[in-house]
Amino acid sequence: MKKIEAIIKPFKLDDVIEALSEVGVEGVSVSEIKGFGRQKGRSEIYKGAEYVVDFLPKIKLEIVVSDEITNIAVEAIRKSARTGKIGDGKIFVIPVESVMRIRTGETDENAI
């Protein structure tokens, strides 16, 4: 099993969720986060004064999938989240040792 964490632009969320559903991903956790990468934030003007926004709004997706569909899910995220511009985000793939469904006690593959 693998945990996929993806940091994406907020306006791409619906596209990514739709792409994941199409490849068979049944559950996704979504968090609103702020951060920056190489783009280092942006400058904005408010009431004539320029100021720097250090942290940009992003969306973090967390998904646990079987090893068999990990690459398919990663590719679905990459294709649907891509704009071709700086700040498109990152995808992290992390090994998962164990999963347990709290309600039923099911473990591992049966719990995802």
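Two residues count as in contact here when heavy atoms lie within 4.5 Å. By that yardstick, among contacts in the protein chain between residues at least 6 apart in sequence, 72% join residues at least 24 apart. The model is a predicted one. Of the chain's 112 residues, 32% count as buried.

As for the overall layout, the chain's secondary structure comes to 2 helices and 6 strands. Read from the N terminus, these elements follow one another as β-α-β-β-β-β-α-β.

The sheet comes next. Four strands make up an open sheet in the order β2-β5-β1-β6, and the pairing is antiparallel. At the edges sit β2 (29-35) and β6 (89-95), each of which pairs on one side only. Going from one strand to the next, the twist averages 20°. The pairing of β2 with β5 (residues 56-65) is antiparallel and runs over 7 bridges. Within this part of the sheet, S29 stands opposite E62 of β5.

Both helices can be placed against these strands. Helix α1, spanning residues 13-22, lies across β1 (2-8), β2 and β5, and runs at about 10° to β5. Helix α2, spanning residues 67-81, also packs on the sheet, where it touches β1, β5 and β6. The direction of α2 makes about 5° with that of β1.

Then there is the matter of how the helices meet each other. Two packed helices are described by the angle between their axes and the distance between the axes. Here the axes of α1 and α2 come within 8 Å and cross at roughly 150°. Angles over 145 degrees count as roughly antiparallel, and α1 and α2 are therefore roughly antiparallel to each other. The crossing of α1 past α2 is right-handed. On the α1 side the contact is made by D15, V16, A19 and L20, and on the α2 side by A73, A76, I77, S80 and A81. Sorted by character, the residues of this contact come out as 7 nonpolar, 1 polar and 1 charged.

One residue of α2 deserves a closer look, namely T70. The cut-off for buried is under 20% relative accessible area, so T70, with a relative accessible area of 6%, is buried. Leaving aside residues up to four places away in sequence, T70 touches K2, I4, V65 and V93. These partners can be matched to the strands already described: K2 and I4 fall in β1 (2-8), V65 in β5 (residues 56-65) and V93 in β6 (89-95).

How values were computed. Residues are numbered from 1 along each chain as its sequence is written. This is a predicted model: local features need pLDDT of at least 70, side-chain atom pairs count only at pLDDT 80 or more; totals for chains, interfaces and linings use all residues. Side-chain values use heavy atoms; hydrogens and water are left out. Two strands pair if DSSP finds at least two bridges between them. Axes are lines fitted to C-alpha atoms, for helices over the stretch in contact, and angles run from 0 to 180 degrees between N-to-C directions. Angles under 35 degrees count as roughly parallel, over 145 as roughly antiparallel, 65 to 115 as roughly perpendicular and the rest as oblique. A crossing is left-handed if the near helix is turned anticlockwise from the far one by less than a right angle, and right-handed if clockwise. Ala, Val, Leu, Ile, Met, Phe, Trp, Tyr, Cys and Pro count as nonpolar, Asp, Glu, Lys and Arg as charged, and the others, Gly among them, as polar. Buried means under 20% relative accessible area, exposed over 50%, partly exposed in between (1.4 Å probe, protein chains only).
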